[in-house]
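The exercises below are meant to be worked with the sequence and the model side by side. Try each task before reading the solution that follows.

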Amino acid sequence: LTKELRQRNKELEELNAALDRRVQEATAELRALNHRMLNEMASLKEVDRLKSSFLDHVSHDLKAPLTSISGYLSLISPGSDVAPTPAEKDKFIAGARKAARHMEYLISQLLEATALSSGRLKLADESFSAAELINEAVALVSNQAQSAGLEVAGDAPQDLRVQGDRGRLLLFADALEHLRI
């Protein structure tokens with residue numbers, strides 16, 4: 001009987017040890033899964049933060065030209081406190097058109113970002129004036145630079161042509177505008 005009890009006790013100890021190993025393995029696996037889940041949650045929080053930041057920038061970038069357009073229109077609207085000359089009206093209309101083109105550009109960039117995320121982005125291959133590109137880039141960053149007490153200037157020969165994607169090149173200037181100087 002004692003021998004049989006010892007045998008049963010030994011079997012129970014072996015089963016207990018096997019069960020303990022399985023519990024330890026399962027606990028280690030749960031800890032690894034928990035760690036992975038926490039990392040995924042941190043990544044999702046970062047994506048959410050980046051999305052919020054992106055939307056803040058987009059809202060600001062779209063509001064600025066819209067405010068310009070509204071301001072120009074109020075200056076030339078009937079009943080305005082200001083009586084602009086025909087030359088001033090032309091200048092205001094040109095400013096509103098420029099702001100509208102900039103808004104159109106920003107919206108197209110949003111659409112391209114969507115295309116990029118879905119793998120449908122195509123780069124343009126066009127020839128354009130380097131001087132015009134530089135002038136447009138300077139115009140994009142000049143307000144930010146002036147508010148920081150800086151002057152931005154650019155120069156290129158009028159006959160110099162550039163081959164590539166004009167919009168992508170202007171993205172660099174647009175990115176510079178958002179730098180905190």
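**Exercise 1: surroundings of alanine 156**

Apart from neighbours within four places in sequence, alanine 156 is in contact with Ala130, Ala131 and Ile134, where contact means heavy atoms within 4.5 Å. The model is a predicted one, in which local features need pLDDT of at least 70 and side-chain atom pairs count only at pLDDT 80 or more, while totals for chains, interfaces and linings use all residues. Residues are numbered from 1 along each chain as its sequence is written, and side-chain values use heavy atoms, with hydrogens and water left out.

Task: Determine where alanine 156 is found, and whether alanine 156 is buried or exposed.

Solution: Begin with the position, which is the loop between helix 3 and strand 2; helices (H or I, at least four residues) and strands (E, at least two) are DSSP runs, numbered from the N terminus. Next, take the relative accessible area of 11%, because of which alanine 156 counts as buried; the classes are buried under 20%, exposed over 50% and partly exposed in between, with a 1.4 Å probe and protein chains only. Finally, compare sequence with space: alanine 156 and serine 129 are 27 residues apart in sequence, and their C-alpha atoms are 9.0 Å apart.

**Exercise 2: valine 152**

Task: Find which residues valine 152 is in contact with, leaving aside neighbours within four places in sequence.

Solution: Valine 152 also lies in the loop between helix 3 and strand 2 (161-164). Its contacts are Val138, Val141 and Ala145. The C-alpha atoms of valine 152 and serine 142, which are 10 residues apart along the chain, are separated by 6.0 Å. With a relative accessible area of 32%, valine 152 is partly exposed.

**Exercise 3: the largest nonpolar core**

Task: List the residues of the largest nonpolar core, and state which helix gives the most to this core.

Solution: A nonpolar core is a set of buried Ala, Val, Leu, Ile, Met, Phe, Trp, Tyr and Cys residues joined through side-chain atoms within 4.5 Å. The largest has 7 residues, namely Tyr105, Leu106, Phe128, Leu133, Ala137, Leu140 and Leu170. Helix 2 (86-117) and helix 3 (130-147) each supply at least two of them, and helix 3 gives the most, with 3 residues. For one member, leucine 133, the contacts beyond four places in sequence are Phe128, Arg166, Leu169 and Leu170.

**Exercise 4: the whole chain**

Task: Explain why the chain is described as more spread out than a compact globule.

Solution: First, note the order of elements from the N terminus, α-α-β-α-β-α. The radius of gyration is 32 Å, well over the 16 Å that the globule rule gives for 181 residues, so the chain is more spread out than a compact globule; the radius is taken over C-alpha atoms, and the rule is 2.2 Å times the number of residues to the power 0.38. The C-alpha atoms fill a box of roughly 120 × 45 × 35 Å along the principal axes, and 19% of the 181 residues count as buried.
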